[in-house]
Amino acid sequence: MAKDTIPLLETKLHAPRRHHGVVARPRLAQRLHASDLPALTLISAPAGFGKTTAALELFGDEQRRGWVSLDRRDNEPAVFWSYVVAALDSIEPGVGDSARSLFRSPLQSSDPALATLINDIDALDHDLVLVLDDYHLIEAPEIHSDVTFLLEHRPPQLHLVVVTRSDPPLPLAALRARGELLEIRVSDLRFTVEESAAYLNDAMGLALTTGDVERLGARTEGWAAALQLAALSLQGHADAASFVDGFSGDDRFILDYLVDEVLDRQTPEVRAFLLETSILERLTGPLCDAVTLRSDGKALLETLDRANLFLVPLDDRREWYRYHHLFADVLRARLLDERPDVVADLHRRALAWFDANGDVVEAITHALESDAEAAARLIELAAPTVRGARQDATLRGWLEALPGDVLADRPVLAVALAGARMATGDAAGVAQLATMVEHRLQADEPPVVFDHEAFARIPAQLAMHRAALALLGGELDESMRHARRVLDLAGPSDHLERGAGSALLGLSAWANGDLEESELRYAAAIDCFIAGDFLPDVLGCSVALGDMQIAKGRLADAMNTFERGRLIVEEHPGLRGAADMHVGLAEVLLERNRVADAEKHLRVARDLGEAAGLPQNPYRLRVADARLQRALGDLQRSLELLEEAERLYNTDFSPSVRPVTAMKVRLQVEMGDLEAGRSWAAVAGLSADDEPNYLREFEQLTFASVLIALGGAGDAEAVNDAIRLLTRVHAAAELGGRQANAVEALALLGRAHGQPEQQIPTFTKADLAPSTTLVDPLSQRELGVLRLLKSELSGPEIARELHVSLNTFRTHTKNIYMKLGVNNRREVVRRAAELGL
Amino acid sequence: MCAHQVPSYVAFVQYEIRVKGHLAARWSTWFDGMTLTADEDGTTVIRGGLVDQSALHGLLERLRDIGIPLISLTEIPFDASTNDGAKPQNPEGD
């Protein structure tokens, strides 16, 4: 198999050929108005009512019709959309090109990919019809919501046809109300007496009386498959009337009756052939030979096809067929009943054939029904490719079909199952799998291994899963312990494991207040994830890293972190975390008082939508917006946003260093609501004599600002308490490199001592009047450049003076402008003077 | 085949599903060993124990796929005195 791809089956993209003897049913065709195709045509009826034929009849123009015959394996979004894009591409080359690479794993949003596809279709000047046959086989909720998205944002050129046995969970009621839904249901598909007569007498060449046609119609209730079986039986019957008598008088389920009739009329050889090959989803001569141990498979298939015995050709060359689903189910049931002992052997022979012919996916399907050990071997060897193609749901399905004892003896597979579960968002049973593997590895007897590279990675992967589980369980120290082991055990090219280990250590360091360590670990994690192309994880870490850098007052670094993330998203649209990068940039800009620019980024973040954000984004977006509103002077709106944020907050694992409740209190106090401050302080369990505590630092500063406000209302004691607390907090913050909090503590101290022109820092020092300290200090190099900027020398002359290139000089200058918050050289000089540089 | 042993203390829930038409007993294996009883009114009662809702939906899907009309579905209270159609319990116990 090609790296990272599993090839598409061409046969799924061809509409089935029409059966012989199909009658035209103009009654159905009339439901459609060619000039006014509906957005969605739903053909929903039980098996065997001629749905596919109806779709072919209604949408016969192959020029503009794409077709996908769905099966259970298409429940993986990446696979489903590959087929859809391929189908559309076959009628409109190029239409899915940009979208194709964007459809990814179940945990990533398909919305941007869908948007791209929608735009491509919207640019066409003619209509397209897309038929999805056997849609009832799709169960994945992500696919249903994607198709819903497609319908809700449908370009007028696209007309969807869904053929199914059960009504799909799509917005049918809404489409029906808007008149955009055409429904063809079982009552429409039942053959009328006239249509039955046309079929039986004209198409099938029988010479039935009207009475007989009516009785057949009554007994079959217009069920096309039953009529077809009856017709086949009648073709071999000399006495039509007695057949109809017997059929009408019988109580048996008509399918049972009719299939028995048809099967009984076959030679024992053909009957056996039919039963034995019923286990195959797709049939071709050599495959049938392998399964039935005969040599005339190809010829038999052709005979059956000509006899119209429910074989559906899958291609033009009549190489591949499948049985009509209904017929196949009946045959399989008969096989199970008559020869249960032989079923496993049949699957084993199919497995061998597919394995020899390089079709691993089919081989695995049959192996799972017959030879668990063969299945395990095939799955182990296929796993890297399947994972690389991001088809974790498929892999998980296979592994969960294996018996427990087979899995227990194969640690590579057990770990793969753990990984597949985590990748599909389900931590259930992962701890038990890890324990099982650990025990197995300690046993004397060597386990069964086929992929030795994967085997070597097991210890690191187990540690990684254990670290993640501990985190999910809120056990930070435990998580750290495992994370350290991951780094010890992982090899230099095990990027996922190294990245995950570093990120977890970064998180625990942060929770312990060690920002230095945390920053190093997160930066390392980002590098590993980039090296291994695990881009969603890059963005997740970037959020943590950027937030930390802001807390440390290192705004240029924070800017870089979020910018780098933003560029990654630009190159890979559809990644979750795009919105978070913009929110992060907005936060940095607010720190710099660049309110208009911050507003722009927040707007982009909002427009990207929830699907483009990591789980915490709705919360972060509102907090940033609240700060923006505060900067614009709209305190009421700011408060509303914080209240929304409060409701949205979900404890993930990042320490809550800026609790939204505390933010709210600051705002309320500023708006004059001292009572809110008092009641919060009462329950927050804070006192002026508390020891500084990194995790509660923001709350301590909030508490101090409440005290100061109370002081302003006449409580002198409160002010003294505030000063005491602030002095200690300021010292601790400075020591811990938490610049943002240190500056704020200083400003509050100033206020406590009665310096009136300082605004209450509701959030951080961003909205203070010209600050007397630089949050983001200039480097030595930059100071050197600054000194020369004050002179009369030109740019190139300064560069020469410092022995640097002009580009380097320009970079330094840009950074200086950024840090000083200015736009030109004259302002630089002025501002530098203000700051005493 | 599945990767977990069903613990012996899990009681299978008994269901009775009625379909239109006489479905022959030889469908039993196809329907997970449920018993099929033809009724005089032309319907068939499919009776047996299923381990959970997913198994129930799987069974309903198989019925859907052969196109036999569903009439009713009832949960039967467990009667310890009879083991009519119940799945065998794990003899190892818990």
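At what angle do helix α38 and helix α39 of chain A pack? Keep that question in mind as you move through this predicted model; we will reach the two helices at the last stop.

**Stop 1: all of chain A**

Start by selecting chain A and showing it as a cartoon. You are looking at 43 helices and 7 strands. Turn the chain around: along its principal axes, the C-alpha trace spans about 115 × 70 × 60 Å. Of the 837 residues in chain A, 48% are buried. Now think about who touches whom. Among contacts in chain A with a separation of 6 or more, 64% link residues that are 24 or more positions apart.

**Stop 2: one alanine, A:Ala645**

Next, select residues 635–648 of chain A. This is helix α34, and A:Ala645 is found in it. Is A:Ala645 buried or exposed? It counts as buried, because it has 22 C-beta neighbours inside 10 Å, and the cut-off for buried is 20 or more.

Show some of the residues around this alanine. Leaving out residues up to four places away in sequence, A:Ala645 touches A:Tyr619, A:Arg622, A:Val623, A:Ala626 and A:Val660.

For a sense of scale, add A:Ala225 to your selection and draw a line between the two C-alpha atoms. A:Ala225 and A:Ala645 are 58 Å apart in space and 420 residues apart in sequence.

**Stop 3: where chain A touches chain B**

Bring chain B into view. The contact takes 28 residues from chain A and 19 residues from chain B. On the chain A side, select α13 (254–264), α17 (325–338) and α22 (404–408), the elements that give two or more residues to this side. Which of them gives the most? That is α17(A), with 8 residues. Colour the chain A side by class and you should find 16 nonpolar, 4 polar and 8 charged residues.

**Stop 4: the helix pair**

Finally, select residues 716–735 for α38 and residues 739–752 for α39, both in chain A. Here is the answer to the opening question: they pack at an angle of about 155 degrees, with their axes 9 Å apart. The two helices are therefore roughly antiparallel to each other, since angles over 145 degrees count that way. The crossing of α38(A) past α39(A) is left-handed.

Zoom in and show side chains. From α38(A), the residues that meet α39(A) include A:Val719, A:Ile723, A:Leu726 and A:His730. Among their counterparts in α39(A) are A:Asn741, A:Ala745 and A:Leu749. Taken together, the residues of this contact divide into 12 nonpolar, 2 polar and 1 charged.

Key
Residues are numbered from 1 along each chain as its sequence is written. Chains are lettered from A and ligands numbered from 1 in the order in which they are written. This is a predicted model: local features need pLDDT of at least 70, side-chain atom pairs count only at pLDDT 80 or more; totals for chains, interfaces and linings use all residues. Helices (H or I, at least four residues) and strands (E, at least two) are DSSP runs, numbered from the N terminus. A residue is buried if 20 or more other C-beta atoms lie within 10 Å of its own, exposed if 12 or fewer, and partly exposed in between; C-beta atoms are placed from the backbone. Two residues are in contact if their C-beta atoms, placed from the backbone, lie within 7 Å. Ala, Val, Leu, Ile, Met, Phe, Trp, Tyr, Cys and Pro count as nonpolar, Asp, Glu, Lys and Arg as charged, and the others, Gly among them, as polar. Axes are lines fitted to C-alpha atoms, for helices over the stretch in contact, and angles run from 0 to 180 degrees between N-to-C directions. Angles under 35 degrees count as roughly parallel, over 145 as roughly antiparallel, 65 to 115 as roughly perpendicular and the rest as oblique. A crossing is left-handed if the near helix is turned anticlockwise from the far one by less than a right angle, and right-handed if clockwise.
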